[in-house]
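This report goes through selected features of one protein model. The sequence and structure come first, followed by notes on strands, packing, charged pairs and surface.

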Amino acid sequence: MGLVSRLGFRGRLIAAMISLVALVSLVIIALLMVYLFEDEKSRALEQLAIGERLTNEVIDRRTDLELSRLSVVVQDFGFRSAIASRDPATIDSALENHSGRVGADFALLLDSQGEPLASTLQNPFPAVSQEQLTSTRRNGFTRSPRAIDGRGYEILIIPIEAPGLRASLVSGFAMDQSLAEVIARLSGTSVIFRARSNQNDNLNSFAATSSIDAKLEQELAGASANANFIESAGYFTRIINLGESDPAAVQAVLLISRDATLQNYYRRAVEIALLVTAILIFAILLALVIARNLGRPVLQLASYARAIGEGTTPEAPAIRAGGELTQLRNALRDMLSGLREREAQIRYAATHDDVTGLKNRNALMQEAAELFENRGTGSLVGIRLNDLSDINDTLGLEFGDKVLIGIAKRLQQELPDAHILARTGGGEFLALIPSLPPEQGSDRIRQLHALIESPLQVDQTPFSLRVTIVTMELPEDASDTDALRRRLNLTFEQAEAHPEAFTRYKPGQDESHLRELKLITDLHAAILHNGLHMNYQPKLNSQTGELVQVEALVRWIHPELGFISPEEFIFLAEQSGQIHDLTAHILQRVASDARRWHEQGVDAGVAINLSAMDLTWPALTRHIAETFHDWHHDLERVTLEVTESALMEDPEEAMATLNQLRALGVTLSVDDFGTGYSSLSQLRKLPVQELKIDRSFVLKLDSEPQDQLIVRSTIDMAHGLGLKVVAEGIENLEAWQLLQHWGCNLGQGFYLSRPIAPEDLPETALSLAARKGELSRPNPEYSE
C-alpha cells in the first residue's frame, strides 16, 4: 500500500497501462502464434495443392511431347513399310530404332487383334485389352500409368493405320528419378514415386528426391486407399493417385517437412517474446508492424499463388519485408517463370529442329496444309545428304551436327525467299519456295545443288558432300499433305536409283507404288482363299517319248487388275515376307493335284520351283516332308528346282538346305543353267541330280551353231558329273531330235505340250501317248 501511494496516480496509471499493454500483448502474442501456426499449415497445404497441379501439368506436358514424337514415328513411311513387310527382323530393327529416337524405355507393336508383332521387352508385357485398342483407334491414342516389376511407367498406345496396315504402337516411359527431381524442383516439395508389383501387393517406393525412413514408410503404408492428405509429426503429405485404376497402380507422394514449415513459426514466437519482454512500451507498435509486415504480404502471396494456380501470369507483389516472405515470393515468381519457359520450350520443340534451329517436319506440314487450304502455289525442294550416316559412323555425331548446321546456313543464305525451311529428319531438308517458271526453276536448283556439294569448312577442314535433290510443284503434284509425303518419298527413291543434279516428281509413280501395296495385300487373300491357279507343263523322256513329269507353274488372275506376271507377284511376295506362305500353298496344291492324277491312272512325277529365299527357310524341309508324307511314289519323283543365282546368293546356307532336302530323298535340279555365274567346282560340290538348260539356248537350237555347241557341251559335262539333263523351250521337231541325238534325258516346250490346267492332264497324257511313236523316233539325219 505504501509502494502504491509512493508511485502516485501517474505511476499507477503507467503501471496499469503497462499491465494492460502486457496483458494485451500476451493475448495478442497468443492469438498471433495461433494464427501463424494455422497460416503456416495453410501455406503448406496450398503448396502441396500447387505441387499436385504442377505434378499433373508436368506429366501432361511430357505426355504431349511423347505423343508428338510418337505421331512422327507412326507416320514415318519407312516405319510403316517395315511393319507392312511382315518380316520379324525388319520390324524388330525398325521398332528398336524408332523407340530409341523418341526416348521410350520399351516399345511393343500389336496387330489389329492385339497380338504382339515385336517387342523391345525381354519379359512379357501385360495384356492390352480390346477395349483399349478400340479407344485408341477412336480417340487417336490412350494413356495409362502401369506398374511393371515394381516400377511405374506411363503407357502410351497410338494407332498405326495405312492402306492394308492396321496395328498399334505401345510405348512405355519410365516415371524415373529425373522426373521426380523436375517436379520437386518446380513445386518446392520432396517427391516419392510408388508402384505395385501386382494388384494385390503393397505400394513400394522406386524413385525419391529425399531419403525415406522407416517411420515415413510406415505412415505411407498405413494410409487408407482413399486418403490423399496425411498430417503426421514429421510431414505434411499429399498422395496423388496416377491413372484411373482402383486401387491405383502408381502414386506420386509430395512431402513438406513439418519442422521446416514450422521453423518460421518458432522463430517469430521467440522474436516476439523477446521484444515484448524487453520493450513493453513498443508492444503496440510492434503488433502494428507485425500485422502490417506479415499480414498484408501473406495475403498478397496467397493471391499471387492462387493466380498462378489458375494458369494466369500475374505480376509479383511488391513485398518490402525481407526474409522468408520475400524468398517465398521469389520462389513463386521463379516457379511461374520456369513453368512458362518450359511451356515455351515444349512449343518450340514441337516445331523446331534442336540441331540446326530450323523448323521441323511438323511445322513444314502445317505450312503445306495452310497452302493447300488457301489454294496457294509453291515449289517444294527436298535435299538429302547421302553421306551423313557414314560421317556420323566414322567422324562422330558431333562432327555430323556441325555438317548439318553448315548446310542449314547455306540453305538459309541461298533460299532467303523460302516460306519455310525445315530439317525433317536425318540428313533431309525441305524448303517451300515461291513457284518459278520451269527454266528459271531448273537453273536455280542446279545452282543450289552445286552450292551444297561445294567444299564446306568444318573445323578448319574443307569437306565435300554428295546430295540428292528433288522438286515438286504444289498443288499440281500433290493436293494434300498425305499425298505430299508419299510422293516425296517416291521421288527420293527414284532419284537414288537414277542420280542426277535434281529429280522432278513424275505423275504416276505413286499409283505404281499403290498397285504394289494392293497386290501385296490381295496376294495374302489369294493364298488364303485359293485365288491362285496352277498350270502344269509336261516333261517327256527324250528317248521313249513317255510322259515322266510335269512342272508346276503358278498363275494369278487378279479380279480387278487381270493377269499378273509370276515374276511380279513372286518378287512382291519375297519383298513382303509372304514367299514362304506362297511356297507352302503351292506345295499343298501340287500334292493334292498329284494324288488326284494317280487316282485317275496318270503316272507322273512333279517338279516345283523354289525361290532363293526358300533356301533360307528353316521349316522348308519339314514342310515338304509333311506335305508329301503319304506320297504315292518315292520322294525322288518330287523334283525341286532352284536357279543358279539362288544358289550363289548364300552358298553356305543354300548348301545346308540342299543337303537336308537330299537327305529327305527328293530330287534336286539346277534351273536356268547357263545364265548364272556358278563354276564347275561349285557345281561339283552341290548335292543335285539334275541340270536344266535355260530356254535361251534351246529356242533357236536348230539354227544357231553356237547354241548347239553350248548345249551339247553342257549335256556331256553334266553326264560326266553323273547328272541328268532337262532342256526347256523346245519349239520345233529339229531341236527335239538334236537333243535326242545328244542324249538329253528330259525335254519340255510348246512343241511337246503347252502348260495345261490340272484337270486336263489325263486327256493330255492320252494325247502324248498317241504321239509316242513320233516323239521317240530319231531322225536319221542326226544319226552317227
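## Strands E24 and E25

In this predicted model, strand E24 (residues 690-693) is paired with E25 through 4 bridges, and the two run in the parallel sense. Within this pairing, Leu-691 stands opposite Val-725 of E25.

Strand E25 covers residues 724-728, and 4 of its 5 residues are buried, so the strand is largely enclosed by the rest of the structure. The cut-off behind this reading is a relative accessible area under 20%.

## The five-strand sheet

An open sheet is formed by 5 strands, arranged in the order E12-E13-E11-E16-E17 with mixed pairing. Its edges are strand E12 (420-425) and strand E17 (503-504), each of which pairs on one side only. In general, strands of a sheet pair through backbone hydrogen bonds, in either the parallel or the antiparallel sense.

At the E17 edge, strand E16 (residues 467-474) is joined to E17 by 2 bridges, and these strands run parallel. Thr-471 has Arg-504 in E17 as its bridge partner.

## Helices on the sheet

Two helices are described here. Helix H10 (residues 361-373) lies across E11, E12, E13 and E16, and runs at about 130° to E12. Helix H13 (residues 438-453) also packs on the sheet, where it touches E11, E13, E16 and E17. The direction of H13 makes about 155° with that of E16.

## A salt bridge within the sheet

Which residue forms a salt bridge with Glu-428? The partner is Arg-384, with the closest N and O atoms 2.8 Å apart. Glu-428 belongs to strand E13 (residues 428-433) and Arg-384 to strand E11 (residues 378-385), so the bridge ties together parts that are 44 residues apart in sequence.

The two side chains differ in how they are classed. Glu-428 is buried, because its relative accessible area is 6%. Arg-384, at 22%, is partly exposed.

## Other salt bridges

The count of salt bridges comes to 24. One of them links Arg-595 and Asp-630, whose closest N and O atoms are 2.6 Å apart. Arg-595 is in helix H17 (residues 579-599), while Asp-630 is in the loop between helix H18 (620-627) and strand E22 (638-643); the pair therefore ties together parts that are 35 residues apart in sequence. Arg-595 is partly exposed at a relative accessible area of 22%, and Asp-630 is partly exposed at 42%. Elsewhere, Asp-60, Arg-62, Glu-66, Arg-143 and Glu-154 are joined into one network by salt bridges that share partners.

A further salt bridge brings together the side chains of Arg-61 and Glu-57, at 2.7 Å from N to O. Both residues lie in helix H1, 4 residues apart, which is about one turn of the helix. Arg-61 has a relative accessible area of 29% and is partly exposed. Glu-57 is likewise partly exposed, at 27% relative accessibility.

## A nonpolar patch

Leu-23, Val-27 and Leu-31 make a nonpolar surface patch of about 290 Å². Leu-23 is found in helix H1, which spans residues 2-74. Is Leu-23 buried or exposed? Leu-23 counts as exposed because its relative accessibility is 51%, the cut-off for this class being over 50%.

How values were computed
Residues numbered from 1 in each chain as written. Predicted model: local features only at pLDDT ≥ 70, side-chain atom pairs only at ≥ 80, totals over all residues. Heavy atoms only, no water. Patch = residues over 30% accessible without salt bridge, like charges linked within 9 Å, V, L, I, M, F, W, Y side chains within 5 Å. Areas by Shrake-Rupley, 256 points an atom, 1.4 Å probe, with all protein chains shown as cover. Salt bridge = Lys/Arg side-chain N within 4 Å of Asp/Glu carboxyl O. Buried < 20%, exposed > 50% of the residue type's maximum accessible area, 1.4 Å probe, protein only. Pairing = 2+ DSSP bridges. Contact = heavy atoms within 4.5 Å. Axes fitted to C-alpha atoms, helices over the stretch in contact; angles between N-to-C directions.
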